[in-house]
Amino acid sequence: MRKALVCALVVCFALLCSPAFGQRSTGTIRGVVTDNSGAALVGATVKIKNTATGETRTLTTNTQGEYSAPDLPVGVYQVAISQPNFKESVNQAVELHVSSTAVVNAVLQVGSIEEKVEVQANSIQVETSTGAVGNLVEGNQVRELPLNGRSFAQLTQLMPGVSSAANFDSKHKGLEAGVDFSVNGNSTTGNIFMVDGVNNNDIGSNRTILVYPSIDAIQEFKILRNSYGPEYGQAMGAVVNIVTRSGTNNFHGGAFYFGRNDLLNATDYFNNLNGIKKDKLRRNDFGYNIGGPIKKDKLFFFWSQEWNRELRGKARTATVPTAAERNGDFSALRTDKDSSGNACDPAPIDPTDPNKKQVLTTVPAVSPAGKLIVSLLPLPNVANPVNCQNWA
């Protein structure tokens, strides 16, 4: 038993320490390095630096002059390529997005290695490495576009091929909400949501998600709609890949408040019709975030916290028996009718009448059970009912 326990612990430790290959929440920078004649430069040094965190990765080109740096965090990078007897090529502001590949090719010119050729602005990157079809939503768009309920799920509806179901709900969160939308005609439960590479679906129904990151904590997210790679299993619709923000070498933070209050709303038409107060709506969304370095170029932190508090009311109307009718007295029946032309108070038929035409104005006796059941209903509170609705 002791040996079995030790073996089990070793296996678990090995699984925890092994790299997790699967859904990608990172990107790749790759390219080809050549000289002026188009010949591949073997062994050229490529330094890739994250401008926000200072993280640097160094690699060399292969026999084909190619290099590839996978699994890079989302961000902005500087790519410096050097080779003895050639001028150094430095590409600034290379943007790398989630589940994307940025191609940075370089043609080195003959000269001193102390000389540099800088590319300050890069053209818009077009995905040419894979056949994946998707749309990127950057963090500034997530934070600045108007969203009902501050939920990123509403932005999924802006993408081509997306059609929301009738029960799609972007203003609530958790199991009260629902991310029911079809992508390219696939089932509404065929989409996969991920946060930093971790499956975020409620596997009980596959129509809700478990974690709704605050929009202030989202760096960006990408919706892959077609032809995505085999690393994205379990999806036949879309893959919604969310990457959260991280700290940088500079301190950043913020606080926010968004509120809605029924004091600023007009009274609903049906509330006025039934003579009741306006529906209550008191929603308060507030929170903060802060991020920065713990040790410059080495260790960072980011903390985000948000509260959503809501008090919401809705008007309800119904037809309920009067106090006299509760005791079996139907002598004061209402003669008005509902919108379908039916009487509001149909008189009870006398069960002793063989022709079922004689009506009762009073019921001889109401059973204790009947009185108990009818006591669960409220008494009428509308003086002049509309459409037979005498309670609101």
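**Figure 1. The largest pocket of the predicted model has a volume of about 910 Å³.** The structure shown here and in the other views is a predicted model. The lining of the largest pocket is made by 36 residues, of which V74, G75, Q219, R245 and S246 are the closest to the pocket centre. Several elements each supply at least two residues of this lining: strand 5 (75-82), strand 6, helix 2, strand 15, strand 16, strand 18 (281-295) and strand 19 (299-312).

**Figure 2. The largest nonpolar core contains 24 residues.** F152 and F221 are the residues with the most contacts inside this core. Two or more residues each come from strand 12 (181-183), strand 13 (192-195), strand 15 (218-226) and strand 16 (239-244). Of the elements, strand 15 gives the most, with 3 residues. A second, separate core has 20 residues, among them I29, V46, F86 and V94.

**Figure 3. The surroundings of F221 include V98, N135, L136 and V137.** Residues up to four places away in sequence are not counted here. F221 also touches V142, F152, L155 and T156. The remaining contacts of F221 are V240, N241 and I242.

**Figure 4. T156 sits in the loop between helix 2 (139-144) and strand 11 (162-164).** Is T156 buried or exposed? Its relative accessibility is 0%, so T156 counts as buried. With neighbours within four places in sequence left aside, T156 is in contact with V162, F168, F181, F221 and I223. The contact between T156 and F221 thus appears in this view as well as in the list for F221.

**Figure 5. F152, F168, F181, F193, Y212 and F221 form one aromatic cluster.** In the model the count of aromatic pairs comes to 10. One of them joins F152 and Y212, whose ring centres are 6.3 Å apart; the pair is tilted because the planes meet at 50°, and the tilted class covers angles that are neither under 30 degrees nor over 60. F152 belongs to the loop between helix 2 and strand 11, and Y212 to the loop between strand 14 (198-199) and strand 15, so the pair ties together parts that are 60 residues apart in sequence. Both rings belong to residues that fall under the 20% limit for buried: F152 has a relative accessibility of 0% and Y212 one of 12%. F152 is also one of the residues with the most contacts inside the largest nonpolar core.

**Figure 6. Y269 and F270 form an edge-to-face aromatic pair.** The distance is 5.1 Å centre to centre, with 80° between the planes. Y269 has 56% relative accessibility and therefore counts as exposed.

**Figure 7. The charged end of R150 sits over the ring of F256.** The distance from this charged end to the centre of the F256 ring is 3.9 Å.

**Figure 8. S99 has a positive phi, near 55°, in a residue other than glycine.** S99 lies in the loop between strand 6 (88-96) and strand 7 (101-103). Its relative accessible area is 7%, so S99 is buried.

**Figure 9. N184 also has a positive phi, near 55°, in a residue other than glycine.** This residue is in the loop between strand 12 and strand 13. With a relative accessible area of 39%, N184 is partly exposed.

**Figure 10. R334 is placed in the loop between helix 4 and helix 5 (368-374).** What does R334 touch, not counting residues up to four places away in sequence? The contacts are T319, C344, D345, P385, C388 and N390. R334 counts as buried because its relative accessibility is 19%, and buried means under 20%. A separation of 9.7 Å is found between the C-alpha atoms of R334 and A347, which are 13 residues apart along the chain.

**Figure 11. A324 is part of helix 4 (residues 323-326).** At 34% relative accessibility, A324 is counted as partly exposed. The C-alpha atom of A324 is 9.7 Å from that of T362, a residue 38 residues apart from A324 along the chain.

Note on methods:
Residues numbered from 1 in each chain as written. Predicted model: local features only at pLDDT ≥ 70, side-chain atom pairs only at ≥ 80, totals over all residues. Heavy atoms only, no water. Core = buried A, V, L, I, M, F, W, Y, C linked by side-chain atoms within 4.5 Å. Buried < 20%, exposed > 50% of the residue type's maximum accessible area, 1.4 Å probe, protein only. Helix = DSSP H or I, 4+ residues; strand = E, 2+ residues; numbered from the N terminus. Contact = heavy atoms within 4.5 Å. Phe/Tyr/Trp six-rings, centres within 6.5 Å; stacked < 30°, edge-to-face > 60°. Lys NZ or Arg CZ within 6 Å of the ring centre and 35° of its normal. 1 Å grid on protein atoms, 1.4 Å probe; cavity = no way out; pocket = protein on both sides within 12 Å on 5 of 7 lines; lining within 4 Å. Points joined across faces, edges and corners; volume = space filled by probe spheres on them.
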